[in-house]
Amino acid sequence: MISFYPGPSRVHDEIPKYVADAHKAGILSMNHRSDEFMKISEKVIESLKSKLKIPKDYMIFYTSSATECWEIVAQSIVKEKSIHVYNGAFGEKWFEYTRKLRPQATGVAFGVEDVLKGKEMRWNDGEVICFTQNETSNGTQVSNAVLQSARKNNPNHLIAVDATSSMGGIALNFRAADIWLASVQKCFGLPAGLGLLVCSPRAVASAVTLGEKDHYNSLTFMSRMMEKWQTPFTPNVLGIYLLMRVMEKAPDIGATQQKLEQRYVGWMKFLAGRKILQPLIENSAARSTTVIPVKGTPEAIQEIKVKAKKKGLLLGEGYGDWKSSTFRIANFPALKQSEIDLLKRFLTAF
Ligand SMILES: *Cc1c(COP(=O)(O)O)cnc(C)c1O
């Protein structure tokens, strides 16, 4: 089965070999306080910084999921109020989870065809402004330029960005925000169970000032442990090792982005030639390049999903209101061109 699901998604071909290597090297029962672990952990942080162009003075933390990162931001960085700018299910969920911990959190919804204007985003209250860079549920994207101007217009706020389905796939301007979060089962092409939280010095300093220390994953505690490349809890050591192996082999993010952009353009051309199918998002400026939702009649979509599965092609389900009229295609780095060609051949009939 070839998975085009936008998470958990197709993993890199080398993963089974890396798992076998891990077993042979004793990684599977490695102590997370050992020198050997600290060396692996340090290498992972360094390779993430160099391959993804994350500034050297930013800190990277291991969590178990992107959802956990949402809670860490709410409990350890937001003092009273965060502002959530969202247009889909993941952004809304982040807002809802935050509201349980910080009841003053507010939501600013926008349309799926709308492109945010940095200039129109100015807030006088709240401490953190939250964006979902790549909204996996509807295949829309907030550009680096919008994030940058939101930051420029709100110099006293921290900017937090959920990049779960784009980090590792596209070049993000990390300096345009203070907090970035993701998990590895999307663009990184790894098995689920590991999240990444990237924080600017300003974000870490805010957490220290707030001084929240009530949780095992309080950022104050996490950052103290990270000074020794460690976590307060036993982390997903295998996941961290696999991330090290994948990042060692990964090209620079610029090259990966170029590959994904070319494939995205290929998908748009292909969809333009179909009778029944079309991209869900009409405004090309609002579209994500890593998650491509495709719309059609409910009958055709149902038929495609069933027939695709029989052919060994797993499509992503549509989300929420679009469940019956769309499917989603991941445009993630681990997919091969030959697999994409196979899916296109199958979809040509529609
Ligand atoms: C998948 C996803 C999440 C949730 O990730 P978990 O690792 O399951 O917590 C959050 N935000 C976005 C945008 C996602 O695509």
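**Exercise 1.** In which strand is phenylalanine 327 found? Then establish whether phenylalanine 327 is buried or exposed, and list what it contacts.

*Solution.* The model is predicted: local features need pLDDT of at least 70 and side-chain atom pairs count only at pLDDT 80 or more, while totals for chains, interfaces and linings use all residues. Residues are numbered from 1 along each chain as its sequence is written, and side-chain values use heavy atoms, with hydrogens and water left out.

Step 1. Phenylalanine 327 belongs to strand β15, residues 326-330 (strands are DSSP runs of E, at least two residues; helices are runs of H or I, at least four; both are numbered from the N terminus).

Step 2. Its relative accessibility is 0%, so phenylalanine 327 counts as buried (under 20% relative accessible area; exposed is over 50%, partly exposed in between; 1.4 Å probe, protein chains only).

Step 3. Leaving aside neighbours within four places in sequence, the contacts of phenylalanine 327 include Leu277, Ile292, Pro293, Val294 and Leu347 (contact: heavy atoms within 4.5 Å). For proline 293, 34 residues apart from phenylalanine 327 along the chain, the C-alpha separation is 5.7 Å.

**Exercise 2.** Locate serine 137 and describe the polar contacts of its side chain.

*Solution.*

Step 1. The loop between β6 (134-135) and β7 (140-141) holds serine 137. With 4% relative accessibility, serine 137 counts as buried.

Step 2. The side chains of serine 137 and glutamate 135 form a polar contact of 2.7 Å (a pair of N or O atoms within 3.5 Å; within protein, one must be able to donate a hydrogen and the other to accept it, and residues adjacent in sequence count only if both atoms are side-chain atoms). A polar atom of the serine 137 side chain also lies 3.2 Å from the backbone nitrogen of alanine 89.

Step 3. Not counting residues up to four places away in sequence, serine 137 touches Gly88, Ala89, Phe90, Tyr319, Trp322 and Arg328.

**Exercise 3.** Which residues come nearest to the ligand, and how much of its accessible area does the protein cover?

*Solution.*

Step 1. There are 13 residues around the ligand, of which Thr67, Thr136, Asp162, Ser183 and Lys186 come nearest (near: a heavy atom within 4 Å). Helix α3 (residues 66-76) gives the most to this shell, with 3 residues.

Step 2. Oxygen atoms of the ligand lie 2.8 Å from a polar side-chain atom of serine 183, 3.1 Å from a side-chain N or O atom of glutamine 185, and 3.2 Å from a backbone N or O atom of alanine 66.

Step 3. Of the 390 Å² of accessible area that the ligand has on its own, the protein covers 87% (Shrake-Rupley method, 1.4 Å probe).
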